Amino acid sequence: MSTSGKRGMLGLALVIPSFLILFVVVILPILYAVRESLIDQNSGEFGLGNYIRLFTDPAMRKNITYTLNVTIVSTLLSLLISYSMAVYLRFSTSWMARWINRLYFVPMFVPGVIATYGLITLYGNHGWMVRLLLLLGIDSFPKIIYDYNGLVLANLWFNIPFATMLLSSALAAVPNSVIESARDAGANIWQLFFRFILPLSYKTMWVAITFIFMGIIGSFTAPFLIGANSPQVLGVAMQQVFSNYQETHTSSAMAVFMFLLCSVMGYFYIRTMGKDADV
Amino acid sequence: MNWYFRSLGARRIVEFVLLVVFVIFFLGPLLNLLILAVSGKWQYPAALPQSWSLEWWQFVLSQDDVLESISLSFLIATVVTVCSIIVCIPAAYAFARIAFPLSRWFLFSFLLTHAFPKMGLYVSIAVLFYKFGLMNTFLGIVLIHMVNTLMFMTWIPSSAFRSVHRAQEESARDAGAGPLRVFWKITLPMAFPGIMVASIFTFLSSLDEAQGTLLVGIPDFKTMPIIMYSIIADYPNTTGAVFSVILTLPTVILLVAARRFVSADVLAGGFQVK
């Protein structure tokens, strides 16, 4: 066998153990869920019955649009805020920027249940925020917890730090000389952003969008504790269909549907990453 | 020059407002829990507790299942981290340094752990575990925790290995060091920050995992987050806050201890597979 062939074998041998675990705990269960989803919940026959019901049942359709709405709005808002934060952190040298730089990634490491619990006690009915605003003489407060707003808020809390981290690292790679020469040539801040910063960090932006989208669409903990009873996001609806109604086939179809949406994002992600490898 | 100072002042004010919004939004929920945990009486509409007290700490720490859950969680998280390191680091190295068939296909397959909704995945895993007799076993819990850690543990160290300059490895080889020695003395130390960050991620995500544990570990494996769910449901707010602080403590300690290693670049590199 040639040397490169031997190296190749070595590479495969090193990867196989982790891939085997991946196969057992992820790939097999996914295949199983796909098969389950194709067995009609009512008739027990093989077919697309569960999926058809998913898109024709009015309550379920509401859940789907609601989930997409929450996911897309949260993703775009997270991205917008993270970009502003990353740009600010990249170009500001003040002590405040240094503090934000030190603190912003703390939420990434805080357990989800705890953070959600903290958000509920802070923004809830009679929560700390209401009390503090009362001190300032403001006694009207929008409903946040158990509502659409709370869900988006929680998603922002969980995803902005992650996206900011990705984008800051990409912006750190933008050379100062590029920015300075553009400034010297008279570019204003918007031109600077759209002509230089955005194109240079475009790939990272896609990475951020992909992971934020995947994280939000199937999320369970935060919407379970914060969300409204109806309509529900799909993650929570799926759990209820499974444990309250014991409709395994329907809940599998819901999971596979979310998986397909994520796969579209994953496809673009891999394509963006793939382009880089060819260069 | 007057306009300059005025604009500087405005900028400072805007920055300060930003900082305040940032602190309230991201740290407010945590600060609120911290205050709640040491409050005795805190009735609406008082902005701060009427009385301070540690009585709930005594209550929480005197519960047997709470103490057990803490040691169980740490045991599981340690085992998960060690297993993930043993299984994933060789793969990470292979992805970074060795050209082998289908390598990119293998590399991207780890994205699957994040593409399928967790709840659906756990349910399917539970069905499989039931067939294999892995329900309510330690091994089952470790495996289901590894669902969340495989990708971090492979991608982040892989990017760290890739950023080690080949020239350095080659010069060590030229000096007569064998491949294993080069790995131990040159490559591994240089990739250490990435491995460290991935391990912290792994440890914390295992400590934090609730849904999978709940499905697979019932009824014997009550980890900290699972106790937390029942505390939120059954006890007054203060108890939940106390337990939240206990559950967040390892995170804070680990982050402070590993502050040197946790940087945006190391983490971000892991998500941008090359």
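Buried residues make up 42% of the 279 residues in chain A, where a residue is buried if 20 or more other C-beta atoms lie within 10 Å of its own, exposed if 12 or fewer, and partly exposed in between, with C-beta atoms placed from the backbone. This is a predicted model, in which local features need pLDDT of at least 70 and side-chain atom pairs count only at pLDDT 80 or more, while totals for chains, interfaces and linings use all residues. Residues are numbered from 1 along each chain as its sequence is written, and chains are lettered from A and ligands numbered from 1 in the order in which they are written.

For the complex, the predictor gives an ipTM of 0.84 and a pTM of 0.88. Chain B has a mean pLDDT (the predictor's confidence in each residue, from 0 to 100) of 84, and 96% of its residues reach 70 or more.

Chain A contains 13 helices and zero strands, these elements being DSSP runs numbered from the N terminus (helices are H or I with at least four residues, strands E with at least two). The C-alpha trace of chain A spans about 75 × 70 × 30 Å along its principal axes. Of the contacts in chain A between residues at least 6 apart in sequence, 72% join residues at least 24 apart, two residues being in contact if their C-beta atoms, placed from the backbone, lie within 7 Å. Helix α12 (residues 234-243) of chain A is largely enclosed by the rest of the structure, because seven of its ten residues are buried; the buried residues of α12(A) are L234(A), G235(A), V236(A), A237(A), M238(A), Q239(A) and V241(A).

The contact between the chains takes 71 residues from chain A and 75 residues from chain B. On the side of chain A that touches chain B, helix α1 (residues 3-37) of chain A gives the most, with 20 residues. The residues of that side divide into 50 nonpolar, 18 polar and three charged, where Ala, Val, Leu, Ile, Met, Phe, Trp, Tyr, Cys and Pro count as nonpolar, Asp, Glu, Lys and Arg as charged, and the others, Gly among them, as polar.

Within chain B, helix α7 (residues 138-162) and helix α13 (residues 264-271) pack at an angle of about 115°, with their axes 7 Å apart; axes are lines fitted to C-alpha atoms, for helices over the stretch in contact, and angles run from 0 to 180 degrees between N-to-C directions. That angle makes α7(B) roughly perpendicular to α13(B) (under 35 degrees is roughly parallel, over 145 roughly antiparallel, 65 to 115 roughly perpendicular and the rest oblique). The contact is made by F152(B), W155(B), I156(B), S159(B) and A160(B) of α7(B) and by V266(B), L267(B), G269(B), G270(B) and F271(B) of α13(B). By class, this contact of α7(B) with α13(B) has seven nonpolar, three polar and no charged residues.

Two loop residues other than glycine have a positive phi, as tabulated here.

| Residue | Phi | Loop |
|---|---|---|
| Y146(A) | near 65° | between α7 (128-135) and α8 (148-172) of chain A |
| L102(B) | near 60° | between α3 (64-97) and α4 (103-109) of chain B |

Y146(A) is partly exposed, with 16 other C-beta atoms within 10 Å, whereas L102(B) counts as exposed, with 12 C-beta neighbours inside 10 Å.

R181(B), in helix α9 (residues 179-208) of chain B, also counts as exposed with 12 C-beta neighbours inside 10 Å.
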